[in-house]
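Please work through the following exercises with the sequence and the structure side by side, and try each task before reading its solution.

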Amino acid sequence: MSRTSGTTPVLVVETVPLGEALPMSERTVTNRNPALDGVIDFIGGTTGATASVYVGQSLDTVKVKMQTFPTLYKNALDCFAKTYRQDGIARGLYAGTVPALAANISENSVLFMFYGLCQKIMTKVVGKEHVTHLNPLENALSGGTAAFFSSFTLCPTELVKCRLQAMREMASLGKLEGGLERLKIGPFGLTKEILQQEGIRGLFKGLTATFMREIPGYVFFFGGYEATRHLLTPAGKTKDEIGAFRTVLSGGVGGVCLWVTIFPADVVKSRVQVASTAGMLEPTFRSVIKQIYKEEGIQALYKGLGPTVLRTFPATGALFLAYETTKKWLGYAADTYT
């Protein structure tokens, strides 16, 4: 600004100490409408989920088959080979891709939208100025809270996906009415059938098991991701400036933390949803876990963990890379044109 002293103009420059300047990630969102932030997180979760499914769907199919029918396959490679040989790619390894997309998009769009909201609430609770000031534990608790809401969108689509993926094994064991002919039914046909025979409640079989998996799992998921980002952030930079490779690595670590922690609950959830077909009483979480422990041993609760960890590292890395990239560019566009 300029100030006059007598007749001589004097230029006065007001500076802000470098250490007090807001990082770019804070400057761009400090005054942004929270509703707009929610939309950006929602779209970011959608693109991340899409990337994740196409990267990891084939190994997810192997995981579900080994969890539900652990005695039919020697190992993950045997399951992968038999599935490919019997049913090919589209109806075999990528069976359930449409409901998987629906499940992941519905879950992750809602999850990341509520994650952003829960982070903002957390800043108020702990008395911090901005979400970038939250530590990994505070981010982890925000993620666990967000998972409660996303479970309601995930459960129906996971139910359809798991039943489609395990349909051949159910038919082979004589537990599926219609036998192998049922393999021709698609996700929309199966959803229609469930609604007709079981009603809307039929789509939410396994909801308790989903809560048991999702809420603690996403504490470790976001905690692992944020802690790794924190450790990989060079001095003088923010977590948003660590680059694509470190973002993928952080996402992979978060995914591994999630699945190693919650895998037994996921085994139970898969069995509950596959077993609870029309006309059959839905087994409880407790009864299933007791039956597995009694008849198959504790190791059955970790059947399929290998392909899951193998799948989750690149899949979750792709999820977070797509999410962070989308969030960055949509945020830039919002701040430029609004």
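**Exercise 1: the overall layout**

Read from the N terminus, the elements of the chain follow the order β-β-α-α-α-α-α-α-α-α-α-α-α-α, and the model in which they are seen is a predicted one.

Task: Establish how many helices and strands the chain has, and what share of its residues is buried.

Solution: Begin by counting the elements, which gives 12 helices and two strands. Next, turn to accessibility, where buried residues make up 48% of the 338 residues. Finally, consider the contacts with a separation of 6 or more, of which 76% are between residues 24 or more positions apart.

**Exercise 2: a pair of helices**

Task: Describe how helix 2 and helix 12 are arranged relative to each other.

Solution: First locate the two elements, helix 2 at residues 34-68 and helix 12 at residues 305-337, whose axes come within 7 Å and cross at roughly 165°. Since angles over 145 degrees count as roughly antiparallel, helix 2 is therefore roughly antiparallel to helix 12. The residues in the contact of helix 2 with helix 12 can then be sorted by class, which yields 19 nonpolar, nine polar and five charged residues. As a last step, look at the handedness, for the crossing of helix 2 and helix 12 is right-handed.

**Exercise 3: the surroundings of Thr83**

Task: Decide whether Thr83 is buried or exposed, and find which residues Thr83 touches beyond four places in sequence.

Solution: Thr83 belongs to helix 3, which spans residues 76-87. Its relative accessible area is 1% and the limit for buried is under 20%, so Thr83 is buried. A polar atom of the Thr83 side chain lies 2.7 Å from the backbone oxygen of Cys79. Once residues up to four places away in sequence are set aside, Thr83 touches Lys65, Gly88, Gly92 and Leu93.

**Exercise 4: Lys205 and Ala209**

Task: Place Lys205 and find the side chain with which its own side chain makes a polar contact; then identify what Ala209 contacts beyond four places in sequence.

Solution: Lys205 sits in the loop between helix 8 (187-198) and helix 9 (207-232), and at 12% relative accessibility Lys205 counts as buried. The side chain of Lys205 makes a polar contact with the side chain of Glu198, at 2.7 Å. Ala209, in turn, lies in helix 9 and is likewise buried, with 3% relative accessibility. Apart from neighbours within four places in sequence, Ala209 is in contact with Lys269 and Phe285. Although Ala209 and Val268 are 59 residues apart in sequence, their C-alpha atoms are 7.1 Å apart in space.

How values were computed. Residues are numbered from 1 along each chain as its sequence is written. This is a predicted model: local features need pLDDT of at least 70, side-chain atom pairs count only at pLDDT 80 or more; totals for chains, interfaces and linings use all residues. Side-chain values use heavy atoms; hydrogens and water are left out. Axes are lines fitted to C-alpha atoms, for helices over the stretch in contact, and angles run from 0 to 180 degrees between N-to-C directions. Helices (H or I, at least four residues) and strands (E, at least two) are DSSP runs, numbered from the N terminus. Angles under 35 degrees count as roughly parallel, over 145 as roughly antiparallel, 65 to 115 as roughly perpendicular and the rest as oblique. A crossing is left-handed if the near helix is turned anticlockwise from the far one by less than a right angle, and right-handed if clockwise. Ala, Val, Leu, Ile, Met, Phe, Trp, Tyr, Cys and Pro count as nonpolar, Asp, Glu, Lys and Arg as charged, and the others, Gly among them, as polar. Buried means under 20% relative accessible area, exposed over 50%, partly exposed in between (1.4 Å probe, protein chains only). A polar contact is a pair of N or O atoms within 3.5 Å; within protein, one must be able to donate a hydrogen and the other to accept it, and residues adjacent in sequence count only if both atoms are side-chain atoms. Contact means heavy atoms within 4.5 Å.
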